[in-house]
Amino acid sequence: MTREPSPLGKDLIGLEELTGEQILSILDTAEPFKEISERRIKKVPVLRGKTIVNLFMEPSTRTRISFEFAEKRLSADTVNISASGSSVVKGETLVDTARNLEAMRIDMVVIRHGSSGAARFLADRIPSNVINAGDGAHEHPTQALLDLLTIRDHRHELEGLKVCIVGDILHSRVARSNIFGLLRLGAEVGVCGPMTLVPAGIEALGVRVFRRIEEAIEWAEVLNVLRLQLERMQGGFVPSLREYNRFFGVTMPRLEAAPRDLLVLHPGPMNRGVEIDSDVADGPHSVILQQVTNGVAVRMAVLYLLAGGAPERAEAAKKGGMG
Amino acid sequence: MGDEKRIILMDAPAVERALDRMAREIVERNQGTEDLVVLGIRRRGVELAERIRAKLEEDEGVRIPSGALDITLYRDDLMEVGPRPVVGESNLPLEGVDDRCVVVVDDVLFTGRTSRAAMNELMDWGRPARILLCVLVDRGGRELPIQPDIVGRVVSVLPSQQVEVLVPEEDGRLAVELVTRSEEAR
C-alpha cells in the first residue's frame, strides 16, 4: 500500500464526481483505520482542534452515529444539529444556518438533507469541507464506500464482479452512489425491482435490469438489498408488503437455489420479512453488521483525506519534514 | 533530480555486526529476555526490528513478540502537510505492551519527532513498563529532548545531507549511505 492518496478536493458530494483512483484511495486509507476501533484507547490525534458540525435535517441513526464515532476517534470536536431542534423550524434557510455556523469558526460540515443537491449547494457557498451524508434521492457516498469496502474484504477484487442492487432503486441515493462507485471500479452492475421502482432508462448508466429476483440471483455474486422505503410508499408503488416479499424478497430458499455462494449486503435499517428475511439477515451470507463496522473506518478515512492539507505544501510534504 | 553523491557509511557486514551488538545490548539492558517486545517503526525500522528479533531468538532460544508501528496519524505536522500521507497499519503483538519492556526500533534518529510520535502511539496502546529507543544511526540534529538507548553508529553530518538506511526488502541491499544532493537539486 504505497500508493500516494489521490487528493479528494474540498468536499465529498458524490461518487459520480470521483475517479476510480480516488475511490480506491479512500478504500485503501480505510484499511489502517479499521484497527483503531479495535484498540483499548480508540482515539488518534489526527483531527485534534478541528470542529465538525453534523447537520442532520432528516432522521438518521446509523449514519449520524457512525460519523460521530469516526469524528471522535479522530479527536475532532463535534456538534450535532437536527432539524427539529434548530432554527430551521423558525424558517431559517440552509445557507443562513451554515453561515452562522461558519461565523463560529467550524472546519467541516457533514450534511444529511431531504433535498437532492443540498450538499453541493452548501459546498459551493461555504469554505468549510462539506461531506454529503445523504441528500434526497441524489447520493449517499459514504454508504456506497462502506459497501465497496465490505465487498472488497470478501471478494478481494471488484473488477469484473457481478453485483446486483435489489429493491427500491427509484428513491434510493444508496443505489445511485453504489452504481457510480461499482462502475468506476470495473464491476458489473445489475438492478432488480418492481417496474414501478426501477427508473426508466437506467440502462443508459451501464447497468442491466432484472425483472425477476430469481434471474438476478442466478446472475449475481453479490446482492445489495435496499430497504423498501415505507415512508415513501404513499404513491402506491407496490400493492402490498406481503406481495413485495413474495416476488422480490431475498429469502433463504432463493439463495439456496443460487448456482454460487452469494454475499448479501443491506444498508439498514432492515424491514425484516419484507425485502429480506430474518434467516438471511442473520445467516451465513450476510455481512450486514460488518458493513456497520466498516462504516466507521470509511468515514474516518474520508475525514482524514479531506481535512487540512493545503495543496501548495504538497512538495514540502514529499520531502518529508520528519526525522 | 540534479546531482546526487552517495558515500557508503556502513556496508552489509558492518550493519550486521552493529545489529548483533544492539541485540546483545538489549538483553543486557533488560537483564534477560523476559517481557521483551520488539516494535519497528514503519517502514525501514520494521525490517531492522525483524533482524534484531531473529538474532535475539537465535541467541537466547526464546520467542520474542514483535510488531510494527505506523506513526503517520501521530505526526505533529499532519494537518500542515498535503496531500494526506499514506497511512500504514500498526500491528501490535497479541501479548500487548502493558508492563512490558518495549524496544522501539528505527533506522535513523534525527529530529526526534518520529520517536515522540511513536511513544505517544504506544501510550495509547497501553502502559509499557519501559521503552528502549534503539536506532541503527544517530545523525544528531535533535529538535526535541530525546536520546536513544541503543545506537548502531553515531555520525555527524550536515543538515542538508541525508542518511539513508537501505534494507534488502525495500531497496535490494543492506547498507547505510550518506547522500549529498547538489545545490541546484534543492
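## Exercises on burial and salt bridges

Over all chains, the structure holds 40 salt bridges. The model is a predicted one, and the exercises below work through parts of it.

**Exercise 1.** Work out which residues of helix H8 of chain A are buried, and how they are arranged about the helix axis.

*Solution.* Begin with the helix itself, which spans residues 241–248 of chain A and has Tyr244(A), Asn245(A) and Phe248(A) as its buried residues. Looking down the axis of H8(A), one finds these buried residues within an arc of 100 degrees, so they line one face of the helix. This agrees with a general rule: an α-helix has 3.6 residues a turn, so residues three or four places apart point the same way. Next, turn to the face directed away from the buried side, where the exposed residues Arg242(A) and Arg246(A) are found. Finally, ask what the buried residues of H8(A) pack against: the partners are strand E5 (162–166), strand E6 (188–192), helix H7 (213–219) and helix H9 (252–256) of chain A.

**Exercise 2.** Decide whether Thr63(A) is buried or exposed, and list its contacts beyond its neighbours within four places in sequence.

*Solution.* Thr63(A) belongs to helix H2 of chain A, which comprises residues 62–73. The cut-off for burial is under 20% relative accessible area, and because Thr63(A) has 8% relative accessibility, it counts as buried. Once the neighbours within four places in sequence are set aside, the residues in contact with Thr63(A) are Phe56(A), Arg112(A), Ala133(A), His140(A) and Arg299(A).

**Exercise 3.** For the salt bridges Glu58(A) with Arg112(A) and Glu188(A) with Arg208(A), determine which parts of chain A each pair ties together, and classify the burial of the partners.

*Solution.* Take Glu58(A) and Arg112(A), whose side chains meet in a salt bridge at 4.0 Å, N to O. Glu58(A) sits in the loop between strand E1 (51–56) and H2 of chain A, while Arg112(A) is in strand E3 (residues 108–113), so the pair ties together parts that are 54 residues apart in sequence. Both of these partners are buried.

Now take Glu188(A) and Arg208(A), whose closest N and O atoms are 3.6 Å apart in their salt bridge. Since Glu188(A) lies in strand E6 and Arg208(A) in strand E7 (residues 208–210) of chain A, this pair ties together parts that are 20 residues apart in sequence. Glu188(A), at 31% relative accessibility, counts as partly exposed, and Arg208(A), at 41%, also counts as partly exposed.

Technical notes
Residues numbered from 1 in each chain as written. Chains lettered and ligands numbered in written order. Predicted model: local features only at pLDDT ≥ 70, side-chain atom pairs only at ≥ 80, totals over all residues. Heavy atoms only, no water. Buried < 20%, exposed > 50% of the residue type's maximum accessible area, 1.4 Å probe, protein only. Helix = DSSP H or I, 4+ residues; strand = E, 2+ residues; numbered from the N terminus. Arc of directions from axis to C-beta. Contact = heavy atoms within 4.5 Å.
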